[in-house]
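I open a fresh page for this one. My plan is to go through it piece by piece and write down what I find.

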Amino acid sequence: MKKYSSKRSIQILAHLLQQYGIADVVISPGSRNAPLAIHFSEIDSFNCYSIVDERSAAFVAMGMAKSEKKPTAITCTSGSAVVNYYPAITEAFYQNIPLLVLTADRPTDFVDIFDGQTIRQKDVFHQHSYGDFQLLEDSKENAEDVNFDIIKKAIELCFEKQGPVHINIPLEEPLYELVSELPTFPTVEKTIKHKDYEIPSNLIAEWHTSQRIMLLVGTRDYSPELENQLTQLVKNHSVVVLSEANSNLYHEKFFRHIDRYIFNFTEEDFKTYAPDLLITVGQNVVSKKVKQFLRSARPKQHWHLDEVWQPDTYFSLTEKIEVKPEVFFSKLLKFINLEPRPYFNLWDVLRDKKDAKHQQFLNAVEFSDFYFFNKASQTVPENYNIHFANSSAIRYAQLFDFGKRKIYCNRGTSGIDGSTSTAMGFAIKNVNPTLLITGDLSFFYDINGLWNQYIPPFVRIIIFNNGEGNIFKIIPGPGNANPNTLDEFIATKHRKNAEHLAKHFGFSYIKVEDDLTLDRVMENFFKPDAQPKILEVNTYGKNSADVQKAYFNFMKEN
């Protein structure tokens, strides 16, 4: 016999989640949220996942939502458990990933009287959520009607904004009163808003009067419609399209390796290659160099296309176009002439030169992180989704061609804290296999990302372990510190490896320490197995930072 929570607020919540098709619920254990855990787990239409660590759980849910492209619910007990959600909520906020955050709470009268596991939970995520709501306790007057309206509004806001929305749920004791039958609630009339868009005539005029048009595409999911639209724009050399690995665009005329081309631009180059019309699509870009370039270039016109975010990243924003890029370009293409522009050829000559230098360097590169990334770009099967951890991993990825593989990275806040958990959540909900490529610090920081009984056997993790946060040996600045300070407190040197962790969490484990072994192992690493696998590429003492610096120095030469 099924047993449901007797709490009316929880019954209404579950009913409305079902009405809107929200099926995935990530539950972290606790007593105050036990009514939610009991109730959701007894309803067949919910897929419930138990993840103990709330910080990891929220990132796992974020990965699920990114894979499914619809909201995932997360629920935890009261107190400090709630604020452990915060890192993932900030990431979801800036990436526009829909999370419905359901936090159980003590009754409102218990706040600030030193009751156990009680903090100020109301509006706790206010700075990084698209909506903050608090339900009434069941005993309050009109609680059922009020809570129904609140929950409906919160769910629709989560869909509209495609980002985190918080519902705080004060629950009175007893918590474990159960019922065997549920009441009937009314069908919901959905009122999710959809925007209409018509392109203004002044934008058409600006397009036709611009001689140097650049599209810069940042972090975004793959969209065949957008890819086709941008392909139409470049086929006659009408525009320059700059993209990154995590822009998920694939065409030979797109410029996909920005840093390879512009890393040594001078002030004179900024003027030579500057656009007069800049159109930006998507969110955060990895390349600091392109930010420096465009901030210096100051294009006359800058349009940004996004339904939610309109940041003035390049200090030249003139048009905030609050619409999906696919909708905008479908309108634009009806009105514009796609004439060849010499601006494309200027960039194309630069690309040919730099690509040839890149290949020349690869022919002689020694075993290092750089060598590993080149090998990975050649051997990862095409059906894999690749998640890159932050810091060095995603920066290396920009230098290589990963073909048409789908690329993901947490570039909302660009932290290392949930890279593993996000990838595991994505893997749980995706039919294609997932590969996480991560540095050692990112991996060890998020060990609890593997404390997850739902990880499929086709998951693969590659750790390139250089024994430190090698990014701090690459970027300018940290090298000015005393070497002992740099090693201990910034780069954080260590001699840890993942062998025992792999065994503990049920992964098979392989370690390589040279190029010949890596070449041999990589071919078999992706073959089917009963267990997920970890490959640790040990590059201790290989001076990977020096190899990367040598690469850029080589690319400078004529």
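**Around helix α5**

I start just after α5, where N96 takes a positive phi of about 55°. I keep in mind that this is a predicted model.

Next I look up the helix itself. How many of the ten residues of α5 are buried? I find seven of the ten in residues 86-95, so α5 is largely enclosed by the rest of the structure. The buried ones are A88, I89, T90, E91, A92, F93 and Q95. I then ask what the buried residues of α5 pack against. They pack against α3 (54-68) and β5 (99-105).

**The five-stranded sheet**

I trace the strand order next. I read β10-β9-β11-β12-β13, an open sheet of five strands with parallel pairing. Which strands stand at the edges? They are β10 (240-243) and β13 (319-321). Each has a single partner strand, so one side of each is left without a neighbour in the sheet. I note the twist as well: it averages 15° from one strand to the next.

I check how β13 is held to β12 (residues 301-305). Three bridges join the two strands, which run parallel. One residue I follow across is W303, and its bridge partner in β13 is E319.

Then I turn to the helices on this sheet. Helix α8 (residues 224-234) packs on it, touching β9 (213-217), β10 and β11 (277-281). The direction of α8 makes about 155° with that of β9. Helix α11 (residues 288-297) lies across β9, β10 and β11. I log its angle to β9 as about 145°.

**Cysteines**

I search for disulfides. The structure holds zero. I take C48 as a case: it is in no disulfide, and the nearest cysteine sulfur, that of C76, is 15 Å away. The cut-off for a disulfide is 2.5 Å between the sulfur atoms.

Are C48 and C409 buried or partly exposed? C48 has 25% relative accessibility, so I enter it as partly exposed. C409 has a relative accessible area of 4%, so I enter it as buried. The line for buried is under 20%.

**S377**

My last lookup is S377, which lies in helix α14 (residues 369-379). I get a relative accessible area of 9% for S377, so it counts as buried. What is S377 in contact with, leaving aside its neighbours within four places in sequence? I list F400, D401, F402 and R405.

Notes
Residues numbered from 1 in each chain as written. Predicted model: local features only at pLDDT ≥ 70, side-chain atom pairs only at ≥ 80, totals over all residues. Heavy atoms only, no water. Buried < 20%, exposed > 50% of the residue type's maximum accessible area, 1.4 Å probe, protein only. Helix = DSSP H or I, 4+ residues; strand = E, 2+ residues; numbered from the N terminus. Contact = heavy atoms within 4.5 Å. Pairing = 2+ DSSP bridges. Axes fitted to C-alpha atoms, helices over the stretch in contact; angles between N-to-C directions.
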